[in-house]
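Q: Please give a close account of the salt bridges in this model. Where do the paired side chains sit, how open are they to solvent, and what surrounds them?

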Amino acid sequence: MRAVLPAAGPSRAALLAACRVFLEAMREPGLRRLLLLDGPAVLGPRATRAYDAEHSIAPLAEELAAMRAAGELGAADPDAVAHLLVGALAEAALWIGEVDAPQAALEHALAALGAMLDGLAPRPDPGRRRIR
């Protein structure tokens, strides 16, 4: 994930773009099988989790923490969100690889991911009144 996260700065759009790159790469059957199926089966759960922690979860959590610092992510814990997103992306990649219309599934997955990120956005404080 570190390789596809942009260096331009944290934003929802940049995160979605990185997720698109990952999901598009996972449309390649050999890569998807190696990274999501065979590799974890051969390495086992402990090694797979260690690899994912270093190469997927940690960089994603760093990006989410930067998004929170920039006001683009609410109070949700970046590490928890990173774990959830990595799992969601892996499952979406497997789903996209199985359907008859993978491009449509990719677009649906990204729209759903965008909605999930919208749900994590900071909420306006209802106690504060706007000055006009």
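A: A search of the whole structure, which is a predicted model, finds four salt bridges. Three of them are described here, among them a pair formed by the side chains of Asp118 and Arg12, with N and O 2.7 Å apart. Asp118 belongs to helix H5 (residues 102-119) and Arg12 to helix H1 (residues 12-25), so this pair links distant parts of the chain, 106 residues apart. Both ends are open to solvent in part: Asp118 has a relative accessibility of 42%, and Arg12 has one of 30%. Each value falls between the limits of 20% for buried and 50% for exposed, which is why both residues count as partly exposed.

Arg20 takes part in two of the bridges. With Glu24, the closest N and O atoms are 3.3 Å apart. This pair stays inside one element, as Arg20 and Glu24 both lie in helix H1, four residues apart, or about one turn of the helix. An α-helix has 3.6 residues a turn, so residues three or four places apart point the same way. Arg20 is partly exposed at a relative accessible area of 27%, and Glu24 is likewise partly exposed, at 37%.

The other partner of Arg20 is Glu107, with the closest N and O atoms 2.9 Å apart. Here Arg20 in helix H1 meets Glu107 in helix H5, so the pair ties together parts that are 87 residues apart in sequence. Glu107 is partly exposed too, with a relative accessibility of 34%. Through shared partners, Arg20, Glu24 and Glu107 form one network of salt bridges.

A charged residue without such a partner gives a contrast. Arg32, in helix H2, is buried yet has no salt bridge. The nearest side chain of opposite charge belongs to Glu98, 7.2 Å away. A salt bridge requires nitrogen and carboxyl oxygen within 4 Å, so that separation does not qualify. Apart from neighbours within four places in sequence, Arg32 is in contact with Met26, Arg27, Leu37, Ala93, Leu94 and Gly97.

Helix H2 (residues 29-43) also holds Leu31, which is partly exposed with a relative accessible area of 32%. Together with Leu34 and Leu35, Leu31 makes a nonpolar surface patch of about 250 Å². Patch members must have over 30% relative accessible area, so the 32% of Leu31 meets that condition.

Helices H1 and H2 have a further role as cover. Along with helix H4 (78-98), H1 and H2 are among what covers the buried residues of H3. Those buried residues are Thr48, Ser56, Ile57, Pro59, Leu60, Ala61, Glu63, Leu64 and Met67. Helix H3 itself spans residues 45-69 and bends by about 45 degrees at Ala53. H3 is followed by Gly71, whose phi is positive, near 85 degrees.

To return to the request: helices H1 and H5 are linked by Arg12 with Asp118 and by Arg20 with Glu107, while the bridge from Arg20 to Glu24 stays within H1.

Terms used
Residues are numbered from 1 along each chain as its sequence is written. This is a predicted model: local features need pLDDT of at least 70, side-chain atom pairs count only at pLDDT 80 or more; totals for chains, interfaces and linings use all residues. Side-chain values use heavy atoms; hydrogens and water are left out. Patches are made of residues with over 30% relative accessible area and no salt bridge: like charges are joined within 9 Å, nonpolar side chains (Val, Leu, Ile, Met, Phe, Trp, Tyr) within 5 Å. Accessible areas come from the Shrake-Rupley method with a 1.4 Å probe; for residues, only the protein chains shown count as cover. Helices (H or I, at least four residues) and strands (E, at least two) are DSSP runs, numbered from the N terminus. Buried means under 20% relative accessible area, exposed over 50%, partly exposed in between (1.4 Å probe, protein chains only). Lys and Arg count as positive and Asp and Glu as negative; His and the chain ends are not counted. Contact means heavy atoms within 4.5 Å. The bend at a residue is the angle between axes fitted to the seven residues ending there and the seven starting there.
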